[in-house]
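Q: Could you take a close look at a single helix for me? I'd like to see how its length and its sides work out.

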Amino acid sequence: MSDRKNTLQDLFRVLPSTDRSLEALLTADDALSPRDAALRETLRAAPRVLVREAVTAYWNNVRAGIREGRLTDASALTLEARLSDLRRTAARAVSPKLRPVLNGTGVIIHTNTGRSVLPEAARRALAMAASGNSTLEFDTRTGGRGSRNALVSDLVRVLTGAEDCLVVNNNAAAVLLTLDTFCRGHEVVISRGELVEIGGSFRIPDVMESTGVRLREVGATNRTHARDYAAAICDETRAIVRVHTSNFRVVGFHTAVPTEELAAMAHERNLLLINDLGSGSLQNLSLPGLPREPTVQDALAQGSDLVLFSGDKLLGGPQAGLIAGRADLVARLRTNPLLRALRCDKLVYAALEATLRLYTEPERARAEVPTLRQFLVSEEELLKRARALRLAIGRACGKLCSCALVRDSSRAGGGAFPEAPLPTTLVAVTPSVCSVARLKLDLLETSPIIIGRIENNAFCLDPRTLEPECYPRLARVLAMVLEAARAEACGAAG
């Protein structure tokens with residue numbers, strides 16, 4: 001026991017103080033590699049208290065390793081031996097948690113990275129709203145109090161044919177508010193095939209039942225008939241609910257009742273037809289190989305009383321839930337006390353209004369809304385971009401990697417067009433100085449972070465979701481990471 005105790009004490013004595021570690025991390029060192037120099041600048045820019053906390057946590061973890069017998073070599077515990085790892089670990093800990101990402105995955109509406117990229121007009125509107133006071137609830141005619149609920153109503157009416165609309169913080173909130181207002185304590189009828197689970201393991205039935213609504217499930221998973229709905233309607237029924245199965249497809253032996261028929265059935269019985277489109281679209285994005293995605297205009301024209309859809313998916317705007325439809329129903333929604341808990345702030349309204357204004361000129365929307373633009377880019381243009389990206393990487397990285405062009409497909413993401421491939425050309429990067437898995441992980445520590453997908457032992461980048469102006473920056477970051485891996489490999493060999 002005594003020998004072990006002495007050994008532990010010897011190992012602990014090797015560990016540097018926090019102050020010495022901070023000095024080594026933050027002082028100038030011309031010999032640092034570009035990557036380590038960037039990490040040092042990250043540490044210098046961070047609040048000192050966070051850097052100190054990160055350093056303390058790092059050495060506490062080392063001490064735990066010593067106590068557990070995992071770390072026994074004193075020479076590997078010195079500040080000099082640990083400095084590179086300390087620098088990387090501390091920089092990761094103090095970096096802002098919300099950081100820029102270059103999305104090379106080919107997933108257009110990438111949920112993990114914030115879904116749709118906002119149009120430039122929306123970004124300008126965000127900057128305006130964030131930089132000073134605005135007319136969020138200010139009536140410019142009287143100088144008195146106005147209503148944020150009216151900020152985008154006119155635009156939605158013009159674009160969709162709805163009588164009125166309401167904006168909440170996401171589409172699940174739209175479902176919650178609508179069912180709470182019109183159906184609490186009663187029943188709604190819904191097809192079993194539409195009881196979907198959305199991102200983050202949230203299930204539509206759970207959201208609905210949280211409002212105190214009882215679901216009457218009808219039909220089978222793959223086939224629901226009008227007679228199924230009719231047989232389920234009773235005195236307790238308040239609405240028929242349609243949920244667009246935007247995140248999966250049923251193929252083969254499948255039947256669903258057309259929206260027009262459901263609307264007629266609901267209205268004959270003095271019920272509402274509530275249509276949850278999920279990632280609703282304002283433009284027909286039908287392309288070769290893609291099924292036709294229903295638009296908000298379609299759903300309203302087919303007789304839906306209220307149509308619920310997202311602002312940050314196919315629409316290409318900020319996260320929001322929009323409820324469009326009959327004016328009397330929207331007026332009732334505005335009186336629900338839940339609305340105050342679900343409302344959006346000035347930043348969302350600024351970005352949403354700017355995005356919707358683009359849609360008043362359809363061709364302009366296709367050119368300026370990144371989500372639409374990425375859907376509609378041609379295969380020829382993608383091949384041209386892939387060649388340009390390969391050239392930029394080749395010039396920056398030289399022999400650190402090789403690049404090849406590979407035919408493949410992109411995906412819509414965001415619960416839209418499930419399993420519908422979009423043809424593209426990937427740039428497949430094969431590093432010569434490290435493994436592909438190591439490259440992927442190292443690119444998660446850069447600024448900006450670069451994400452792609454690993455296929456056939458190559459790190460693949462899809463130009464569909466990478467704007468051409470970012471290619472030089474992406475290539476420089478890739479070269480920096482590969483050069484660091486090469487230097488590490490040479491040091492280990494030496």
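A: Happy to; here is a walk along one helix, from its length to its two faces and its end. The model is predicted, so local features need pLDDT of at least 70 and side-chain atom pairs count only at pLDDT 80 or more, while totals for chains, interfaces and linings use all residues. Residues are numbered from 1 along each chain as its sequence is written, and side-chain values use heavy atoms, with hydrogens and water left out.

The helix is α18, residues 379–397; helices here are DSSP runs of H or I with at least four residues, numbered from the N terminus. With 19 residues at 1.5 Å a residue, α18 should span 27 Å, and its end C-alpha atoms, 26 Å apart, agree with that. The expected span is 1.5 Å times one less than the number of residues.

Now for the sides. Leu382, Arg385, Ala386, Leu389, Ala392, Ile393 and Cys397 are buried in α18, where buried means under 20% relative accessible area, exposed over 50% and partly exposed in between, with a 1.4 Å probe and protein chains only. Seen down the axis of α18, these buried residues fall within an arc of 130 degrees, so they line one face of the helix. That arc is taken from the directions from the helix axis to the C-beta atoms. On the face turned away from the buried side, α18 carries the exposed residues Glu380, Lys384 and Arg395.

Finally, the end: just after α18, Gly398 takes a positive phi of about 55 degrees.

For contrast elsewhere in the model, Trp59 is buried, with a relative accessible area of 1%, and Tyr58 is buried at 6%.

Note on methods
Helix = DSSP H or I, 4+ residues; strand = E, 2+ residues; numbered from the N terminus.
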